[in-house]
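This briefing goes through the model displayed below, topic by topic, with attention to burial, helix packing and ring contacts.

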Amino acid sequence: MFPSLTSDLSEQIKAKTRDIHVRAENTQLMLNYQKGLITLPQYKLLLFSLYEIYRALEEELDRNASHPGVSPIYFPQELARLETIERDLEHFFGKEWQKRVIVPAATQRYTQRLHTIGKDDPNLLVAHAYTRYLGDLSGGQVLGKITQKSFGLSSGEGVSFFSFPGVSSPNRFKQLYRSRMNSIELTKEEREAVLEEALMAFEHNIQVFDDLQKMLSITEETSENQQATLIRPFSILHWSLGICAALATVGIGIYAS
């Protein structure tokens, strides 16, 4: 049974994914982001994941550009994000940013899924393209402004990902995109598979957000433990031995490093 009475694929996906969409928006990472509390390390890690996700998605869209389930929603000039993410990563990490790419496990699973369906069932790519690109053109624009404000990126550098110079009107373009989606001819079974894949697309995004949040929590906890480990021996040594000034200076130098 379809989640709504309409025959429009875009509306069916929207209805099918309504609950899981709310879940995605309420992950800890996204809640922090929406409140302007995302940290720069979190944003950088997110960019690494987005780079891998869009690289996989756009490779498969390019490879299947002539497929009847892909060609109606293939807009590389207007929507492609890979180059914009590369510019952002270069801004933060320099020209050799690729040597510093970190790919969390959930991101790897997401990219593997994109490559699998691109090879075996390209019809399903529409679910991921719709979820990612229309999200970027909607709530993503709000997140772009939050990012600029949070990190003082007034020049626009570091937030190229949120910019769509090939889209003069996001609202009109989203209408066009949905219309193209709705023109894709699918059997009942194929349509059901696309709707299920849309749920999977959101699930993958939730797992990516949770994975990134865990990574940052572990990193911050490790950093705090390391600082405590460095402070404790120095404090005890200074207190119990009445250490001389020269040795105290060395101890402070080690802590500062």
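**Briefing on the predicted model**

L195 has a relative accessible area of 0%, so this residue counts as buried. The model is a predicted one, and in it L195 belongs to helix α11, which runs over residues 188–241. Although L195 and K14 are 181 residues apart in sequence, their C-alpha atoms are 9.2 Å apart in space.

**Overall architecture**

- The protein contains 12 helices and zero strands, and its pattern along the sequence is therefore written α-α-α-α-α-α-α-α-α-α-α-α, with strands defined as DSSP runs of at least two residues.
- Of the 257 residues in the protein, 42% count as buried.
- When contacts between residues at least 6 apart in sequence are considered, 81% of them join residues at least 24 apart.

**Helix α4 and the nonpolar core**

- Helix α4 covers residues 40–63, and its 24 residues should span 34 Å at 1.5 Å a residue, which agrees with the 34 Å that separates its end C-alpha atoms.
- This helix is mostly covered, as 17 of the 24 residues in α4 are buried.
- The largest nonpolar core has 61 residues, and Y33 and Y177 are the residues with the most contacts inside it.
- To this core α4 gives the most, contributing 12 residues.
- In soluble globular proteins, nonpolar side chains tend to be buried together.
- Setting aside residues up to four places away in sequence, Y33 touches I38, Y43, L46, L143, I146, T147 and F162.

**E60, a charged residue in α4**

- E60 lies in helix α4 and has a relative accessible area of 4%, which is under the 20% cut-off, so E60 is buried.
- The side chains of E60 and R63 are joined by a polar contact of 2.6 Å.
- An α-helix has 3.6 residues a turn, so residues three or four places apart point the same way.
- Beyond its neighbours within four places in sequence, E60 is in contact with L114, H115, G118, K119 and L125.

**Aromatic pairs between α4 and α6**

- The structure holds 10 aromatic pairs, and one of them is formed by Y43 and F92, whose ring centres are 5.8 Å apart and whose planes lie at 80°, so this pair is edge-to-face.
- The pair connects distant parts of the chain, since Y43 is in helix α4 and F92 is in helix α6 (residues 82–93), with their positions 49 residues apart in the numbering.
- Y43 and F92 are both buried.
- For F48 and F93 the ring centres are 5.0 Å apart and the planes are at 25°, so this pair is stacked.
- The F48 and F93 pair also links distant parts of the chain, with F48 in helix α4 and F93 in helix α6, 45 residues apart.
- F48 and F93 are both buried.

**Other ring contacts**

- One aromatic cluster is formed by Y54, Y133, F161 and F162, and F162 is also among the residues touched by Y33.
- K44 lies over the face of F93, at 5.2 Å from the ring centre, while F93 is itself stacked with F48.
- The charged end of R81 is placed over the ring of F164, at 3.7 Å from the centre of that ring.

Notes:
Residues are numbered from 1 along each chain as its sequence is written. This is a predicted model: local features need pLDDT of at least 70, side-chain atom pairs count only at pLDDT 80 or more; totals for chains, interfaces and linings use all residues. Side-chain values use heavy atoms; hydrogens and water are left out. Rings of Phe, Tyr and Trp (its six-membered ring) pair if their centres lie within 6.5 Å; planes under 30 degrees apart count as stacked, over 60 as edge-to-face and the rest as tilted. Helices (H or I, at least four residues) and strands (E, at least two) are DSSP runs, numbered from the N terminus. Buried means under 20% relative accessible area, exposed over 50%, partly exposed in between (1.4 Å probe, protein chains only). A charge sits over a ring if NZ of Lys or CZ of Arg is within 6 Å of the ring centre and within 35 degrees of the ring normal. A polar contact is a pair of N or O atoms within 3.5 Å; within protein, one must be able to donate a hydrogen and the other to accept it, and residues adjacent in sequence count only if both atoms are side-chain atoms. Contact means heavy atoms within 4.5 Å. The expected span of a helix is 1.5 Å times one less than its number of residues. A nonpolar core is a set of buried Ala, Val, Leu, Ile, Met, Phe, Trp, Tyr and Cys residues joined through side-chain atoms within 4.5 Å.
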